[in-house]
Amino acid sequence: RQGQLKIASAAMAARCRLAARFHHVHGTNIRLDASRTQATRVESFANGLCFSQEPLAPGQIFLVEIEEKELGWCGHLRVGLTAHDPQSLEVVPEYSLPDLVNMGDTWVFAITRSHNRVVVDGEETQARGPPWEPFLLIERVRIPRDTLVGRSRPGRYSHILDDLYKMNVLPATARRSRIGVLYAPQPDGTADMHIVINGEDMGPSARHLPMTRPLYAVVDVFASTKSVRVIPVEFGFPSLQTLCRLVIQKHIVHRLAIEGLDLPPMLKSFCQHE
């Protein structure tokens, strides 16, 4: 049985690495970098629709970090899921809301901390675990919380800002916030969609999603959100690189001190920015 679990974990990890980039089909105002992990809206405030490269597996989170904002526009990042294969779209809609949603089999929400949860009559809000717990549990899905929490740019006040991200008290649409979307299977054969903001599950955003069709992540780089980057999430055991980062960050005051350590440049960068 342990061998089967290892094979399943390896398969999930490989699938996550493949899906942790944007589809080559996107809105007309979007420019992707060479790795297709960064999406930037180059003009206007719309036509910023992006999709995951592959449909998501049950419980697999598609996570993005807000890298750049643009003043002067009203509105923020929108995320969700769609059963439409991006390759099948004759024209990528200008907006996720309402254009893509009006095509049906699409569930998209503007990012806020309090207006993207569906509560059934008689249901009590589930108590959320403390933010310092190492894993986020969403029904049967177990995700390393460390990757889900945003980090500030290395600087004098990084240690203060990073603690604010961990407590999830900064605006959900702030730079360096990390927003994720996933779906969790239900006993009736459907799925609930969940949105995760800086390591906190917002609860079911949409219910009774069909699992008979592949579901792609939707990221609408809209209005004041200028650029986002896909963050790969490790499932199963953390990598040696991640374990090194955790040990290093535990023994320093703030990330500026990492620059003075005798470490390989790539590990320094990983510890400072990821």
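A residue counts as partly exposed when its relative accessible area lies between the 20% below which it is buried and the 50% above which it is exposed. The tour below applies that scale to a predicted model.

**Whole chain**

Start with everything shown. The protein has 274 residues, and 48% of them count as buried. Colour by secondary structure to find six helices and 13 strands. Among contacts with a separation of 6 or more, 69% are between residues 24 or more positions apart. Switch on the surface: the accessible area is about 14,000 Å², with 58% of it belonging to carbon and sulfur atoms.

**A surface patch**

Keep the surface on and select L161, in helix α4 (residues 158-167). Its relative accessible area is 34%, so L161 is partly exposed. Add Y157 and I160; with L161 they make a nonpolar surface patch of about 300 Å².

**Salt bridges on strand β4**

Hide the surface and show charged side chains. Side chains of opposite charge can pair when their charged atoms come close. The model holds nine salt bridges.

Select E65 and R178, whose side chains form one of them at 2.7 Å, N to O. E65 belongs to strand β4 (residues 62-69) and R178 to strand β9 (residues 178-185), so this pair joins distant parts of the chain, 113 residues apart. Are these two residues buried or exposed? Both E65 and R178 are buried.

Leave E65 selected and add R229. These side chains also meet in a salt bridge, here 3.5 Å from N to O. R229 is in strand β13 (residues 225-231), 164 residues from E65 in strand β4. R229 is buried, as is E65.

Extend the selection to E67 and R176. Together with E65, R178 and R229, they are linked in a network of salt bridges.

Next, go to K226 and E70, where a salt bridge has its closest N and O atoms 3.9 Å apart. K226 lies in strand β13 and E70 in the loop between β4 and β5 (78-82), so the bridge ties together parts 156 residues apart in sequence. K226 has a relative accessible area of 13% and is therefore buried, whereas E70, at 24%, is partly exposed.

**A buried aspartate**

Select D220, in strand β12 (residues 216-220). What is the nearest side chain of opposite charge to D220? That side chain is R78, 4.2 Å away, and D220 is buried without a salt bridge. For a salt bridge, the nitrogen and the carboxyl oxygen must be within 4 Å. D220 does have a polar contact with S96, side chain to side chain, at 2.6 Å. Beyond its neighbours within four places in sequence, D220 is in contact with G48, L49, L77, R78, Y95 and S96.

**Backbone stops**

Most residues other than glycine have a negative phi, and most peptide bonds are trans. Three places to inspect follow.

- Select L97 and P98: the peptide bond from L97 to P98 is cis, with omega near 10°. P98 is part of helix α2 (residues 96-102).
- Select E139, in the loop between β7 (135-138) and β8 (141-144). E139 has a positive phi of about 55° without being a glycine. Its relative accessibility of 44% is why E139 counts as partly exposed.
- Select H208, in strand β11 (residues 200-210). Phi of H208 is positive, near 65°. H208 is exposed because its relative accessible area is 56%.

Key: Residues are numbered from 1 along each chain as its sequence is written. This is a predicted model: local features need pLDDT of at least 70, side-chain atom pairs count only at pLDDT 80 or more; totals for chains, interfaces and linings use all residues. Side-chain values use heavy atoms; hydrogens and water are left out. Helices (H or I, at least four residues) and strands (E, at least two) are DSSP runs, numbered from the N terminus. Buried means under 20% relative accessible area, exposed over 50%, partly exposed in between (1.4 Å probe, protein chains only). Lys and Arg count as positive and Asp and Glu as negative; His and the chain ends are not counted. A polar contact is a pair of N or O atoms within 3.5 Å; within protein, one must be able to donate a hydrogen and the other to accept it, and residues adjacent in sequence count only if both atoms are side-chain atoms. Contact means heavy atoms within 4.5 Å. Patches are made of residues with over 30% relative accessible area and no salt bridge: like charges are joined within 9 Å, nonpolar side chains (Val, Leu, Ile, Met, Phe, Trp, Tyr) within 5 Å. Accessible areas come from the Shrake-Rupley method with a 1.4 Å probe; for residues, only the protein chains shown count as cover.
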